[in-house]
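Q: Please take a close look at one helix in this model, and then set it against the nonpolar cores and the cysteines.

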Amino acid sequence: MADLTTFTITEAREKLQAGDITLRDLVQAYAKQIEEHNEEINAYVFLDIESALEQADEIQKKIENGTAGRLAGAIMGIKDVICERGKPTTCASNILENFESVYDATVIERLKAEDAVFLGRLNMDEFAMGSTNEYSRYGAARNPHDTTKVTGGSSGGSAAAVAGTMANATLGSDTGGSIRQPASYCGVVGLKPTYGRVSRYGLVAYASSFDSIGPLAHSVEDVANVLQVIAGFDDRDNTSSQVPCDDYVEVVKNPNKKIRIGVPEEFFGEGLDEEISASLKDVIKKLEAEGAELVPVELPHTKYGLATYYILATAEASSNLARFDGIRYGHRADKDQMLDELKAEENALKEAIKNADDEEKADLENQLARLDAPLARLYKKSRTEGFGNEVKRRIMLGTYVLSAGYYDAYYGKAQRVRRLIKEDYSKAFEKVDVIVTPTAPTTAFDIGSNLNDPVQMYLNDAYTITANLAGICGISVPVGKHSNGLPVGIQFLGDTFQESKVLNAARLVELLG
Amino acid sequence: MSTIAHERFEAVIGLEVHAQLLTKSKAFAPVPPIYGEAPNTMVTPLCLGHPGTLPVVNENLVRYIIKMGLATNCQIAPKSIFARKNYFYPDLPKGYQISQFETPICHDGFVDIELEEYDKRIGVTRIHMEEDAGKSIHDQDPYNTLVDLNRAGTPLIEIVSEPDLRTPQEAYAYLTKIKQIVQYLEICDGNMEEGSLRCDANVSVRPRGQKEFGTRTELKNMNSFRNVEKAIEYEIYRQIELIEGGGTVVQQTRLWDTSKMQSRPMRSKEEAHDYRYFPEPDLPPIIVSDEMKEEIRAELPELADVRQKRFVSEYGMSEDDAKTLTEDKYLADFFEREIGDYPNPLDISNFIKTHVLRTLNEDKKHISEVNLPTGSVQAIVSLNGKNEISSSNAVKLYDEIYDSFNNFQNVLPDQDFVTGNITFLKGNLDTNPESVSNFVPINTSIPDYSVRINTDLPDNTLVYLPVLEYSSAKGLAEKLNLIQVSDSGFLEELVDEIIANNPDEVERYRGGKKQLMGFFVGQAMKASKGKANPKMVTQMVAKKLEG
C-alpha cells in the first residue's frame with residue numbers, strides 16, 4: 001500500500017470506510033512522518049499525538065457504525081494563531097510564551113464536530129506578520145521542496161505541513177496573502193475565503209478587517225470539504241455573514257469549464273519572474289482551449305494596494321496587540337530588575353544635573369521629569385522583550401498613522417483608497433466569474449535573503465494583498481514546477497461569497513494535470 | 001455661597017454624564033453586569049482581553065440609548081459606528097475601550113430644566129455608548145494594585161451637554177433632570193453614590209458680555225449631586241479669583257476632594273493622552289431604521305412632566321403634590337400601585353407624602369429599596385377612612401408593617417446584595433431559624449420593584465424574612481389591637497371615669513373654657529391606647545358636661 005500520508009482526505013476516507021485502514025493507522029503514519037522530518041522542516045511547534053490517537057479511536061467507532069462526520073479522515077495541524085482549548089496559543093511570539101487558550105475557536109468546534117483529528121500547532125510568522133515564516137520565536141519553517149528555501153508566510157508551517165505530508169489538511173490565516181503565498185511556494189492548494197465567510201472568533205487578531213481563516217490541502221476537493229465545515233454564520237462574530245453557503249464539494253466534483261476568466265494586465269508586468277509568467281499564460285491558454293472565455297479586466301488602483309494595506313493593517317494591529325501587556329497573561333518583564341534600572345537612570349540623571357551647565361541642565365531636568373512611571377516602564381519593558389522586530393515595526397507604524405494630526409493624511413486617505421480598490425473589483429466581477437493572477441512574483445527564495453529588507457519582503461504580497469483590501473476570496477493552486485525545481489502557483493480571485501467560482505476554476509487547473 | 005451672581009463674570013458650564021445601563025448582560029459579552037460579586041468572577045475571556053475574543057453588540061444597549069435619545073429630543077443617526085479609544089491601563093484589558101467618536105448615535109437634542117425663578121432649555125450635544133473599564137484597587141494591598149474586571153465591559157452611555165449652563169444650580173437641576181429621565185426610562189438606576197451615574201464638568205468663566213469662552217478646566221471625581229454643585233461653585237470662584245489676581249486659567253483636569261471640599265489638578269502625566277480613535281473593525285455600523293426608531297418611540301413610558309400634569313387632572317392633586325410624587329418615578333409608581341380602586345386618591349397621596357416619605361427619610365432609603373406589601377398603604381388609609389382605626393393608630397399600623405418588612409438585617413447577612421425576585425414567606429426566623437422548610441408562602445410578593453437579597457443564593461431562591469404573620473393590614477390591626485372602639489357602652493364608662501377623675505378640668509370647662517375638650521379626648525385616647533373613636537368621645541363629653 002502506498003504511503004498513507006500522501007492520501008488526500010477523500011482517498012483516506014474511502015480506505016477508512018472500506019476498512020482497509022483504521023484512523024489509528026493513519027494518525028500513526030503522520031506521527032512517523034513528523035518524527036522523521038519535522039525537526040528539519042520545523043512546521044509543527046507543538047505536538048499532541050497522544051490525544052490525536054485517542055480522538056482517532058473514538059472516531060474509528062463512529063466510522064464503523066456509520067455515524068462519522070464528513071471530515072473523518074482529515075488529519076490536521078492548526079496554525080498557532082487559532083485558539084484550541086488547553087493547547088499553547090503563542091502566535092510564535094515570546095510575549096505569549098506558555099500561554100494556553102481557555103476556549104476553542106469556532107472553526108475548531110466545527111472541525112471537531114465533523115470528526116477532524118488535530119496533531120498539533122503550526123509554525124508561522126509572529127502574529128502572522130511576515131511573508132517568509134522567518135519571524136518566529138521557533139525559527140524559520142523550511143520548504144519541503146528545498147530546505148534552504150523559505151516556506152513563505154505567514155502560514156508557513158501550515159503550507160509546509162501539507163507539502164511535507166505531515167497533515168492532509170491544515171488551517172492558516174490570510175491577512176494579506178498569508179495562506180495563498182506559502183501555498184504557492186510549497187506547492188499546495190490554499191484558499192482565502194471572503195471576509196465574513198468564516199468566523200474569526202478564536203483567531204488572534206492581526207488586522208481585524210482583513211483577517212480570514214482558510215484551509216490548505218493537497219487537493220481542491222479537500223479544501224472545499226474543509227471550507228464547507230468551517231464556513232457559515234457565527235453569532236459570536238458580528239462581522240460574520242448570514243449569506244448562505246454553497247455546496248462547495250458538489251461544485252468541485254462537477255466543475256463548469258465554460259467560465260469567464262478576467263485577465264488583468266497589471267498583474268503580469270514588471271517584477272514577475274518571466275518563467276512563471278510564461279507558464280501561467282500557458283495554463284490560461286489551456287483553460288481557454290477547454291472552453292473558458294478570457295476577458296481583459298482593469299484594476300487600476302492595484303498599485304496603491306501595498307501602501308494602503310500597510311497603513312490600515314498596521315493601524316488595526318497597533319490596537320489589537322495592545323492587550324499583550326504582561327498584566328493578565330503572557331510575558332512580563334522582571335519587576336525588581338525594572339525598578340532597579342529605573343532607579344539607576346534616575347540617579348544618573350540627578351548626578352548629571354549636579355555637574356551640568358545651565359544649558360544642559362534644563363534638558364536633563366526635562367528628561368528627569370519625563371522619566372517613566374514604574375507602570376509605564378513595566379509595559380515598555382515587557383513589550384520590548386516580548387515582541388520581535390517585525391511586530392514592533394508594524395506596531396510603531398500603526399501607532400504613527402493613527403496619531404493626532406496624522407490620522408486624516410494616512411488612515412483616512414488609505415480608507416478612501418481601499419474603497420476604490422473594492423470598486424475596481426466590483427466592476428471587474430460584473431464581467432467575469434474569476435480573475436486570474438500569479439500568486440507570487442517568484443518561487444520560494446533563500447532563507448535569510450530578505451531579512452534585512454522588509455520592503456522587499458512586502459513586495460511578495462503584491463498580488464495577494466488587494467483581495468484582503470477588497471474582502472473578496474482567492475485561491476492558489478499549483479501549476480507544476482519552475483526550472484529551479486520549486487513549485488509555482490496560480491491565483492484565482494472571486495467576488496465576495498463566490499468561493500464556488502474560485503474552487504471551480506482551481507479544479508479546472510487541477511484537471512489539466 | 002448659595003448663588004453665583006458675580007457682577008463682572010459669568011460661568012460657562014457643560015456636563016458629561018455617564019450612566020450605567022441596566023441591561024441584563026454586558027455591552028459586548030454574554031455575562032451579567034453584576035456588582036459585589038467576588039472579584040474577577042463575572043467575566044468571559046473577552047472581559048479578560050484574551051486573544052482571539054470578539055465583541056458582540058448587546059441589542060438592548062442600542063435600544064436603551066435610542067430611548068434616551070428620544071426622551072431628550074435628539075436626532076437619531078440612521079448609521080453610526082463604534083470606535084476604539086486606545087490607552088494602556090491595567091484595568092483596561094484589551095488596551096482600548098469600545099466607544100463612539102465621530103458619529104454618536106444620538107445628537108442635537110435638549111432637555112428643559114426648572115429652577116425656582118425661571119425655566120431653561122439646555123442643549124444635548126450628543127449621547128454615545130461605550131463600555132466601562134475594570135476597577136483598580138490601590139488601597140487593599142500595601143505593595144500591589146489589585147484589578148477587578150467584573151465591571152469591565154459594563155454598558156455606559158455618555159450624555160454631553162452644550163455649554164449652556166451658567167450656574168451651579170442650573171448644573172444641579174440639569175443633572176437631576178437627566179437622572180429623572182434615565183429612571184423613568186428604566187435604563188439606569190441613577191445612583192450617583194454607587195457610581196451608576198457619574199458626572200464630569202467643564203467649567204470656564206468670562207467677563208459678562210464677552211462672547212468667547214474662557215479657558216476651561218475639567219472637573220472629575222464628584223460622587224454626589226451636591227458635590228457636583230459644590231465643586232462647580234468652588235471652581236468658578238477659583239477661576240475668578242485667579243483672573244482678578246492677574247493670573248490665567250490653565251487648561252487642566254482637576255479632581256474634586258470631598259473631604260477637603262476643594263479640587264486639585266491631576267498630574268500632567270495622568271492626562272495628555274492621544275487616544276488614537278479609529279473605527280472599531282470588529283463591529284459593523286449600527287443601522288437604525290425609521291421603523292425601529294418609531295417602534296422604540298411607541299414603547300417610551302410616560303415621562304415625569306406628562307405624569308405630573310396627569311396627576312393634577314386625573315386625581316385633582318395640587319401642582320406641588322403632583323411634582324413631589326412624580327419627581328421620582330418609583331414613588332409615582334408606588335402611589336399608583338396603592339390607589340387601586342380606592343375612591344379617594346388624595347388620602348393615599350397625603351399618607352405617602354407624610355408617612356412613607358418620613359420613614360424613607362429616617363432610614364435614608366429610596367422607595368425602591370423598601371418592601372411594602374402591595375395594597376398595604378391603601379388598606380391602612382381605608383381603615384382610617386372608615387373609622388375602623390384612628391389616625392394615630394393608622395400611623396402605628398403603618399410603622400409596624402414597615403418595620404417588619406424592612407428591618408431584618410439581623411437575619412440576612414449584612415453583606416453583598418443584589419436585586420432579584422423574592423417571595424415572602426410567613427414565619428419568624430428569630431424564633432425558629434431552623435424550620436424554614438415548614439414555612440409556607442403567603443401571597444405577598446413584590447413584583448413591582450426589586451428587593452435586595454443575599455447574593456450567595458442562587459437565582460429565584462426563596463428568602464425567609466422575619467415578617468409578622470401578615471395576611472392583611474386589617475388582620476394585623478386586629479392582632480395588634482388597634483381597631484377603633486365605637487362601642488357606646490364601653491366609651492360611656494371611659495368618659496364617666498375621666499370626668500370623675502378630673503373635677504378641676506370639668507369645673508373650668510363648665511366655666512367656659514371650651515378648649516379643654518382636647519384634654520378630655522386626649523385622656524380617652526390615652527386610656528384606650530388610641531382605640532377610642534375620638535368623634536364619639538367628643539360628642540359624649542359635650543353631652544355629659546353641657547346637657
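What follows is an account of that helix, then of the cores and the cysteines.

A: The model is predicted. Helix H3 of chain B covers residues 225–244. Its 20 residues should span 28 Å at 1.5 Å a residue, and the end C-alpha atoms lie 29 Å apart, which agrees. Just after H3(B), Gly246(B) has a positive phi of about 90°.

The buried residues of H3(B) include the nonpolar Phe225(B), Val228(B), Ala231(B), Ile232(B), Ile236(B) and Ile240(B). Asn227(B), Glu229(B), Glu233(B), Glu235(B), Arg238(B) and Gln239(B) are buried as well. Among the elements of chain B that cover these buried residues are helix H2 (168–185) and the strands E1 (9–20), E11 (197–207) and E12 (217–222). Strands E13 (253–257) and E14 (262–265) also contribute to the cover.

The largest nonpolar core has 115 residues, and Leu111(A), Phe127(A) and Phe492(A) touch the most other members. Helix H10 (residues 305–320) of chain A gives the most to this core, with eight residues. A second, separate core of 69 residues includes Ile232(B), along with Ile105(B), Val111(B) and Cys188(B). Ile232(B) is also one of the buried residues of H3(B).

As for the cysteines, a search of the whole structure finds zero disulfides over all chains. Cys91(A) is in none, as the nearest cysteine sulfur, that of Cys83(A), is 7.3 Å away, whereas a disulfide needs the sulfur atoms within 2.5 Å. Cys91(A) is buried, at 0% relative accessibility. Cys245(A) is in no disulfide either, with the sulfur of Cys473(A), the nearest, 12 Å away. Cys245(A) is partly exposed, at a relative accessible area of 33%.

Conventions: Residues numbered from 1 in each chain as written. Chains lettered and ligands numbered in written order. Predicted model: local features only at pLDDT ≥ 70, side-chain atom pairs only at ≥ 80, totals over all residues. Heavy atoms only, no water. Core = buried A, V, L, I, M, F, W, Y, C linked by side-chain atoms within 4.5 Å. Buried < 20%, exposed > 50% of the residue type's maximum accessible area, 1.4 Å probe, protein only. Helix = DSSP H or I, 4+ residues; strand = E, 2+ residues; numbered from the N terminus. Expected span 1.5 Å × (residues − 1). Contact = heavy atoms within 4.5 Å.
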